[in-house]
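Please look over the sequence and the 3D structure below before reading on. The paragraphs that follow take up charged pairs, a charged patch on the surface, a loop contact and some backbone angles.

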Amino acid sequence: MISIAIDGPAGAGKSTIAKELAKRLGCIYVDTGAMYRAVGLYCLRQNIDYNEETEVNAALPHIKLDIEAIKEGQKIYLNGQDVSTAIRTSEVAAAASKVATYGEVRKTLVSQQRQMKEEKSLVMDGRDIGTVVMPDATLKIFLTASSEERAKRRYLEYKQKGMVVDLQTLIQEIEERDYQDSHRSISPLKKAEDAKEVDTTFKTVDEIVTHILHLLA
Ligand code: C5P
């Protein structure tokens, strides 16, 4: 079985690259960010103040997440309901980034992620995959890109979905989320010592994936 860890900041191209890699290698793709987003969405829907760690911890036993691998990537179910689209908003991203600072939330999700790794060959993306979730991964990649480039990608993604967003606001949101993700005390976003850093700015998906496949060979 193989396991590939892809970490990096928001908008570095993790999901696009991880999905394409999984397709070429014939293994499944797991987007761990979607799991933190689903916890954030649960709090928003249930009027749980996500800034209150004890309230979020108390909600955890009521949150059941299921991941389904599909041809286009993955679907995520929150207590049986498909929330794959509902989790893709800035509001949910901000809630996700906050709940991701809580130890109990991380412990719960990390143990589910490790379980998936035991069952199947996979490409998993997130912030702590190479450092915490699977330190023994076959290959670890740390993807980066300039914050302008990353905000532009998110802007196009939202636009394609018909959502109206302002580029300057997105740059600011991305920088805030990066700051929070890399400065939290538990499992901050950081490159694993043995991860290969790949800068995706100005590179095509095919160039990046080919490069990673060479690293794997
Ligand atoms: O990857 P995505 O932007 O969807 O992740 C949403 C949030 O979930 C991130 O900003 C980060 O705070 C959190 N996250 C995390 N660890 C992961 C994946 C995501 O803390 N492995």
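A salt bridge is a side-chain nitrogen of Lys or Arg within 4 Å of a carboxyl oxygen of Asp or Glu. In this model, which is predicted rather than determined by experiment, there are 15 salt bridges. Side chains of opposite charge can pair when their charged atoms come close.

One of these pairs is made by Arg-127 and Asp-181, whose side chains meet in a salt bridge with a distance of 3.4 Å from N to O. Because Arg-127 lies in the loop between strand S6 (122-126) and helix H6 (129-133), whereas Asp-181 belongs to helix H8, the pair ties together parts that are 54 residues apart in sequence. Are the two partners buried or exposed? Arg-127, with a relative accessibility of 14%, counts as buried, and Asp-181 is likewise buried, with a relative accessible area of 4%.

Salt bridges that share partners also join Glu-20, Lys-23, Arg-24 and Asp-206 into one network. Within that network, the side chains of Lys-23 and Glu-20 meet at 3.7 Å, N to O. These two residues are three positions apart in helix H1 (residues 14-25), and therefore about one helical turn separates them. Lys-23 is exposed, with a relative accessible area of 59%.

A further salt bridge links Asp-82 with Lys-75, where the closest N and O atoms are 3.9 Å apart. Asp-82 counts as partly exposed at 36% relative accessibility, and Lys-75 is also partly exposed, with a relative accessible area of 29%.

Charges also gather on the surface without such pairing. Which residues form the negative surface patch? The patch is made up of Glu-148, Glu-173, Glu-175 and Glu-176, and helix H8 (residues 167-183) gives the most to it, with three residues. Glu-176, which lies in helix H8, is partly exposed with a relative accessible area of 49%; because patches are made of residues with over 30% relative accessible area and no salt bridge, a residue must meet both conditions to be counted in one.

The next stop is a loop residue, Ala-86, which is found between strand S5 (81-82) and helix H4 (90-99). Leaving aside residues up to four places away in sequence, Ala-86 touches Leu-41, Arg-45 and Val-92. Of these contacts, the one with Leu-41 joins positions that are 45 residues apart along the chain, and the C-alpha atoms of Ala-86 and Leu-41 are separated by 7.9 Å. Ala-86 nevertheless counts as partly exposed, at 30% relative accessibility.

Finally, the backbone deserves a look. Most residues other than glycine have a negative phi, and most peptide bonds are trans. Asn-47, however, has a phi near 55°, a positive value in a residue other than glycine, and its place is in the loop between helix H2 (32-45) and helix H3 (53-59). Ser-187 also has a positive phi, near 45°, and is placed in the loop between H8 and strand S8 (196-199). As for their surroundings, Asn-47 is exposed, with a relative accessible area of 71%, whereas Ser-187 counts as buried, at 15% relative accessibility.

Note on methods:
Residues numbered from 1 in each chain as written. Predicted model: local features only at pLDDT ≥ 70, side-chain atom pairs only at ≥ 80, totals over all residues. Heavy atoms only, no water. Patch = residues over 30% accessible without salt bridge, like charges linked within 9 Å, V, L, I, M, F, W, Y side chains within 5 Å. Areas by Shrake-Rupley, 256 points an atom, 1.4 Å probe, with all protein chains shown as cover. Lys, Arg positive; Asp, Glu negative; His and termini not counted. Charge placed at Lys NZ, Arg CZ, Asp CG, Glu CD. Helix = DSSP H or I, 4+ residues; strand = E, 2+ residues; numbered from the N terminus. Buried < 20%, exposed > 50% of the residue type's maximum accessible area, 1.4 Å probe, protein only. Contact = heavy atoms within 4.5 Å.
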